[in-house]
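I opened this notebook page to record what I looked up in a single chain, going element by element and then residue by residue.

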Amino acid sequence: PHSMFRFIATVFFLLTITLTSQTQELNVHIIPHTHDDVGWDKTVQQYYDDAVVHILDTVTTALETNSSRKFIYVEIKFFSMWWSQQTPSKKASVRNLVKQGRLEFINGGWAMNDEACTHYQETADQMTLGHRFLQEEFGIGIPRIGWHIDPFGHANTQGAQFADIGFDAFMFVR
C-alpha cells in the first residue's frame with residue numbers, strides 16, 4: 001500500500017527500490033545472491049567447475065573477512081558438491097556464517113525448479129532432497145522464502161505448494 005513503484009533487476013544481485021508515498025523516501029535493498037542453473041547449457045560438473053566453485057570460494061572468504069556482508073544461496077545440489085570438498089575448518093567457519101544469518105539458504109531445493117520440473121511430485125522430491133541436506137548439515141528446518149529468480153515458468157500450483165512447504169514468502173521474477 002505504501003509503494004508507488006518497485007523495480008527489480010537481477011544480475012549478480014537483486015535490487016529492489018521502493019518509493020514511499022508518505023515520506024517520499026527512497027529505500028534501496030541490494031540482495032547479494034547467485035543463480036546457478038543445475039542443467040542448462042553445460043553439464044552439472046562443467047557448470048560447477050567453471051563457475052560455482054569459484055563463486056562459493058570467493059563468497060565464503062568475503063563473508064569471513066567482512067562481518068557486515070550477507071549472502072543468500074539457493075541451489076543445494078551445487079552447494080553440496082562444494083561442501084563435500086571442504087576441510088573441517090572451512091565447514092566450521094561456514095556453519096558459523098549460517099548460524100549468524102550472514103549466509104542464508106532460501107528455497108533450499110536441490111535445484112530451483114521451473115518448467116523442467118513442474119509436476120507436484122517432482123517438485124516435492126527435489127525440495128525434500130535439498131531440505132534434508134540442510135537439516136543434516138546445518139540443523140536448519142525449512143528455509144523461510146521460496147525463490148524463483150529466473151524460471152521459465154512454473155506450475156499453477158507452485159504458490160500453494162510453497163505455502164504447504166511452510167515458506168513465509170515466495171519471490172519470483174521473469
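**Strands 6 and 7**

I began with strand 6 (residues 145-148) and strand 7 (residues 169-172), which pair in the parallel sense over four bridges. Looking up one of the bridge partners, I found His148 matched with Phe172 in strand 7. I then followed the chain between these strands: from strand 6 it passes through helix 5 (residues 158-165) to strand 7, and this β-α-β crossover is right-handed. I note here that the model is a predicted one.

**Gln158**

Staying with that connection, I looked up Gln158, which is found in helix 5. Is Gln158 buried or exposed? Its relative accessibility is 0%, so Gln158 counts as buried, the cut-off for that class being under 20%. Leaving aside residues up to four places away in sequence, I listed Asn113, Thr123, His148 and Phe170 as the residues that Gln158 touches. His148 in that list is the residue I had already met as the bridge partner of Phe172.

**The chain as a whole**

I stepped back to count elements and found five helices and seven strands in the protein chain. Read from the N terminus on, their order is β-β-β-α-β-α-α-β-α-β-α-β. Of the 174 residues, 41% count as buried. For contacts with a separation of 6 or more, I noted that residues 24 or more positions apart account for 57%.

**Helix 1 against helix 2**

My next entry concerns a helix pair, and two packed helices are described by the angle between their axes and the distance between the axes. Helix 1 (residues 44-65) and helix 2 (residues 76-83) pack at an angle of about 75°, and their axes are 10 Å apart. Angles of 65 to 115 degrees count as roughly perpendicular, so helix 1 is roughly perpendicular to helix 2.

Which residues of the two helices meet? On the helix 1 side I wrote down Val44, Gln45, Tyr47, Tyr48, Val52, Val53, Leu56, Asp57 and Thr60, and on the helix 2 side Lys77, Phe78, Phe79, Met81 and Trp82. Sorted by class, this contact of helix 1 with helix 2 has 10 nonpolar, two polar and two charged residues.

**Helix 2 and Ser80**

Helix 2 is mostly covered, with seven of its eight residues buried. The buried residues are Ile76, Phe78, Phe79, Ser80, Met81, Trp82 and Trp83. When I asked what these residues pack against, I found helix 1, strand 4 (71-73), helix 3 (88-100), strand 5 and helix 4.

I singled out Ser80 from helix 2 and found it buried, with a relative accessible area of 13%. Not counting residues up to four places away in sequence, Ser80 touches Trp110 and Phe133.

**Asn107**

My last entry is about backbone geometry. Most residues other than glycine have a negative phi. Asn107, although it is not a glycine, has a positive phi of about 65°. Where is Asn107 found? I located Asn107 in the loop between strand 5 (103-105) and helix 4 (120-138). Despite that loop position, Asn107 counts as buried because its relative accessibility is 0%.

Notes: Residues numbered from 1 in each chain as written. Predicted model: local features only at pLDDT ≥ 70, side-chain atom pairs only at ≥ 80, totals over all residues. Heavy atoms only, no water. Buried < 20%, exposed > 50% of the residue type's maximum accessible area, 1.4 Å probe, protein only. Pairing = 2+ DSSP bridges. Right-handed = clockwise from strand over helix to strand, strands pointing away. Axes fitted to C-alpha atoms, helices over the stretch in contact; angles between N-to-C directions. Parallel < 35°, antiparallel > 145°, perpendicular 65-115°, else oblique. Contact = heavy atoms within 4.5 Å. Nonpolar A, V, L, I, M, F, W, Y, C, P; charged D, E, K, R; others polar.
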